[in-house]
Amino acid sequence: MLGPEFVALGRAAREVRARRDLSQEVLGSRGGLHRNYVGAIERGEINPTFRVLSKLAYGLDVPLSELFLLYEARQREEAIRR
C-alpha cells in the first residue's frame with residue numbers, strides 16, 4: 001500500500017461504486033479501465049494518474065470534483081483513525 005491518502009481515495013471510489021450498484025467489471029467497462037485496475041485503486045495499491053481518475057469519475061457518472069470531495073472526507077476519517 002502506498003499510503004493513507006490512496007486508501008482514502010480507494011474508499012471514496014468504492015463508496016460511489018456501491019451507491020451506483022456497479023461491479024468493478026461494469027465500472028471498468030464504462031470508464032475504459034480493467035476491473036483489476038479498479039480493484040487496485042479501491043485497495044489503495046496504486047497511484048492513479050489524473051487521466052485514470054477522470055476515467056474513473058466518468059465510469060461512475062459523477063463529476064471528478066465529487067469524487068475528490070468524498071476523497072477528502074475519507075482522508076480526514078483516516079487521519080482521525082491514526
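## Glu77 and its partner

Let's start with Glu77, which is partly exposed at a relative accessible area of 29%. Keep in mind that this is a predicted model. Glu77 forms a salt bridge with Arg11, and their closest N and O atoms sit 3.5 Å apart. This pair ties together distant parts of the chain: Glu77 belongs to helix 5 (residues 64–81) and Arg11 to helix 1, with their positions 66 residues apart. Arg11 is partly exposed too, with a relative accessible area of 23%.

## A network of charges

Which residues join Arg11 and Glu77 in a network of salt bridges? They are Glu15, Arg19 and Arg74.

Within that group, have a look at Arg19 and Glu15, whose side chains meet in a salt bridge at 3.0 Å, N to O. These two are four residues apart in helix 1, so about one helical turn separates them. Here is the general idea: an α-helix has 3.6 residues a turn, so residues three or four places apart point the same way. As for its surroundings, Glu15 counts as partly exposed, with 27% relative accessibility.

## Another pair to look at

The structure holds seven salt bridges. One of them joins Glu45 and Arg43, and here the closest N and O atoms are 3.0 Å apart. Glu45 is partly exposed at 42% relative accessibility, and Arg43 is also partly exposed, at 43%.

## The two sides of helix 2

Now over to helix 2, which covers residues 24–31. Which of its residues are buried? They are Leu27, Gly28 and Gly31. If you look down the axis of helix 2, these buried residues fall within an arc of 100°, so they line one face of the helix.

Turn to the face that points away from this buried side and you'll find the exposed residues Glu25 and Ser29. To count as exposed, a residue needs over 50% relative accessible area, while buried means under 20%.

## What helix 2 packs against

So what do the buried residues of helix 2 pack against? Their neighbours are helix 1 (4–19), helix 3 (35–42) and helix 4 (50–60). Helix 1 is a familiar name by now, as Arg11 lies in it, and so do Arg19 and Glu15.

Finally, check what comes just after helix 2: there, Gly32 takes a positive phi of about 75°.

Technical notes: Residues are numbered from 1 along each chain as its sequence is written. This is a predicted model: local features need pLDDT of at least 70, side-chain atom pairs count only at pLDDT 80 or more; totals for chains, interfaces and linings use all residues. Side-chain values use heavy atoms; hydrogens and water are left out. Buried means under 20% relative accessible area, exposed over 50%, partly exposed in between (1.4 Å probe, protein chains only). The arc is that of the directions from the helix axis to the C-beta atoms. Contact means heavy atoms within 4.5 Å. A salt bridge is a side-chain nitrogen of Lys or Arg within 4 Å of a carboxyl oxygen of Asp or Glu.
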